[in-house]
Amino acid sequence: MKELLRELRERSLAAISGADSAEVLEGLRVQFLGKKGELTAVLKQMGKLSPEERPAMGQLANEVRAALERTIDEKRAALADAALRLRLESEAVDVTIPGEAHRMGHRHPMYVVLDEIKDIFIGMGFEVVEDREVELAEYNFDKLNEQPNHPAREWTDTFYFTEDSSILLRTQTSPMQIHVMERQKPPIRMVAPGRVYRKDEVDATHSPMFHQVEGMVIDKNVTMADLKGTLDQVAKRLYGADTVTRFRPHHFPFTEPSCEMDIQCYKCKGKGCPTCKGEGWIELLGAGMIHPKVLRMSGIDPDVYSGWAFGFGLERMAMARFKISDLRLIFENDVRFLEQF
Ligand code: PHE
């Protein structure tokens, strides 16, 4: 029996020290120390011993049990330790490894200019409104006093959704004048930036999609002098205090009188150069006093109120502001281009 216990002790201790997981270790504990385990089986044979032999054998058995329990406890702690170390190693952040450089995007020059424009107009008490790009022909043309035979209505010029030419991609932001007049009572001061669409081939100055900013003021006693003063201020804020503006007569069906505003060429100061195509001036926007018919169609009494409106191409503004020569650069989104602004 002594021999049995010695053999059991050696075999079990060797197995325990070789255990490589908590599961295996628990299996060994049951195998050796469990109710139906090997040590228990040996102890059951104690009855066969003589009364003189029993105490010594009992003590020996207890020593084996104690040794097994201690070794199992130590092994359990060691395994837990190793598992923790492994987890710490695999989860550790090595702060000495050089960081990964994240490439940041860059604000688009057109939106830089749009934000400046919004700031200027908000400072003058204007509200910024945005709305639909899919428009009724009624709002894009009819309510703006455009005649039924106006060339802009042609299928070759405008993107239509329906055979009857009633729904389209807006060709200008001017329908925003109508929407705002229909839902707000004067006094009104608003700017409405957004995309517009025309069937144009892409080149250095054309794109089938571009942005416009519409503006409108309606109140009592509003005059052309307010229009000129406001837009001249805006040009000076955008392009510098020494900017010179001029207003030329023009025609738009929804304004009367109508005009275009130019700024003196920032490059040659009016002498004439390639940037202004020898003109000395750069055309910036269309504007005018809102036609009384348009006011009346939108529920505003032209005998009480008057107003003015303007519209300009945002890309063109950004190009003039940052001296960009080709419209296509605005849409290509090449970071090497964008990072310059
Ligand atoms: N909508 C006109 C255009 O696209 C610009 C404009 C707006 C003119 C408002 C006068 C008043 O050319």
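A polar contact is taken here as a pair of N or O atoms within 3.5 Å; within protein, one must be able to donate a hydrogen and the other to accept it, and residues adjacent in sequence count only if both atoms are side-chain atoms. The model is predicted, so local features need pLDDT of at least 70 and side-chain atom pairs count only at pLDDT 80 or more, while totals for chains, interfaces and linings use all residues. Residues are numbered from 1 along each chain as its sequence is written, and side-chain values use heavy atoms, with hydrogens and water left out.

With that in hand, the ligand is a good place to start. A nitrogen atom of the ligand is 2.8 Å from an N or O atom in the side chain of Gln172. Oxygen atoms of the ligand also have polar side-chain partners, with Arg198 at 3.1 Å and Gln212 at 3.0 Å. The protein covers 89% of the 330 Å² of accessible area that the ligand has on its own (Shrake-Rupley method, 1.4 Å probe). Strand 9 gives the largest share of the surrounding shell, 3 residues (strands are DSSP runs of E, at least two residues, and helices runs of H or I, at least four, numbered from the N terminus).

Now to the sheet. Its 7 strands form an open, mixed arrangement in the order 1-4-5-9-8-7-6, where pairing requires at least two DSSP bridges between two strands. Strand 1 (127-128) and strand 6 (245-252) stand at the edges with a single partner strand each, so one side of each lacks a neighbour in the sheet. Strand 6 pairs with strand 7 (255-264) in the antiparallel sense over 7 bridges, and Phe247 stands opposite Met261 in strand 7.
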